[in-house]
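Student: I would like a close look at a single part of this model: the enclosed spaces inside it. Please take me through what surrounds them.

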Amino acid sequence: MKLIALGDNCVDVYQNLDEVHPGGNAVNVAVHAARCGAQAEYMGSFGTDGYSDVLRQALIENNVSIEHCPVLPGSTTKQCCYDVIDGERSFKGVIEGDSWAGPVRIGEKELAELKTADVIVTSCNAKIPQYLKEIENLPPVFVFDFGEKEKYRTDAYCEQVCGAIDLAMFSCDPMSDEEFRSFADSMHARNIIHVLATMGAQGQILSNGKEIIRKTVSQVIPHDTMGAGDSFLAAFVTDLAAAGWKKGEVMPVDVLIGAIEEGQRVSAENCLSAGGFGF
């Protein structure tokens, strides 16, 4: 199974710990998909600074292909800065430098490569809404992470990005089944087949348009929660793909439950190491 993770990259700077870790949603998903047995590829733009060298080294060492990633001369890598105390992050700001490498550019070559995937995963943080509907019409299963910010859930944003999404993931506060059903129905109406909400320590809740599935989690004492959602998503999607998931297909409840459990297992393990994937 070939998975292409499309979008952002950055380094996560833990200022109070004097640590730097490679990251970004798409980078984290690609690495964890490779660890779960997928043929994984990352597609994004790299800078030419030392942080970019670390990112590329981390992806290569984790068996993620980067052969379709341009390196933009003179450009810089985004730094996301945090303080980390007892495994929890406090966001301090973003440093983009004088010439940030920026969002991935999608042209004919990139579209041709995306067609070779079984699954495409991207997110709101990729900042490529202008390309999404064209990408969603490609043959691979399409997965989109809407993140946690309300600005990525407005009618205007959803109208821009929702065309044919096989799975949409949202980071949410805990919801009752009734609250989630109302939320999920509004997303199903936008051509989203599966709606998944991750609720931190309260676990996950998912709708396939017919049934609601809720799974609690076993608690672990985290070393670092960075990448918890990305690792969950990578394992969840890889498990579904291994079960034969195809574009436009509604997956049965038992398969979805198994995929959630695999996502929980991988996410819990990732929380025991530092950074998005322990590099």
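Tutor: In this predicted model, 2 cavities of 30 Å³ or more are counted. The largest cavity holds about 60 Å³ of space. Its lining consists of Gly7, Asp8, Asn9, Ser45, Lys78, Trp100, Ala101, Gly102, Pro103, Asn125 and Ala126. Sorted by class, the lining of the largest cavity has 5 polar, 4 nonpolar and 2 charged residues.

The second largest cavity has a volume of about 50 Å³. Around the second largest cavity stand Leu6, Asn25, Ala26, Val29, Val121, Thr122, Ser123, Asp145, Asp230 and Leu233. Here the division is 5 nonpolar, 3 polar and 2 charged. At least two residues of this lining come from each of H1, S8 and helix H7 (228-242).

Two of these elements lead to the sheet. The sheet is open and mixed in its pairing, with 9 strands in the order S5-S4-S1-S8-S9-S10-S11-S12-S13. Strand S5 (64-65) and strand S13 (212-215) are the edges; each has a single partner strand, so one side of each lacks a neighbour in the sheet. Helix H1 (residues 25-35) packs on this sheet, with contacts to strand S1 (2-6), strand S4 (39-43), S5, strand S8 (119-123) and strand S9 (141-147). The direction of H1 makes about 165° with that of S4.

Further along the strand order, helix H6 (residues 177-188) lies across S10, S11, strand S12 (204-207) and S13, at about 140° to S11. Strands S10 (residues 165-171) and S11 (residues 192-198) are parallel partners over 6 bridges, and Phe170 is opposite Ala197 in S11.

Technical notes. Residues are numbered from 1 along each chain as its sequence is written. This is a predicted model: local features need pLDDT of at least 70, side-chain atom pairs count only at pLDDT 80 or more; totals for chains, interfaces and linings use all residues. Side-chain values use heavy atoms; hydrogens and water are left out. Two strands pair if DSSP finds at least two bridges between them. Helices (H or I, at least four residues) and strands (E, at least two) are DSSP runs, numbered from the N terminus. Contact means heavy atoms within 4.5 Å. Axes are lines fitted to C-alpha atoms, for helices over the stretch in contact, and angles run from 0 to 180 degrees between N-to-C directions. On a 1 Å grid over the protein atoms alone, a cavity is a set of points where a 1.4 Å probe fits but cannot get out, and a pocket is an open set with protein on both sides within 12 Å along at least five of seven lines; lining residues have an atom within 4 Å of a point. Grid points are joined across faces, edges and corners, and a volume is the space filled by probe spheres set on the points. Ala, Val, Leu, Ile, Met, Phe, Trp, Tyr, Cys and Pro count as nonpolar, Asp, Glu, Lys and Arg as charged, and the others, Gly among them, as polar.
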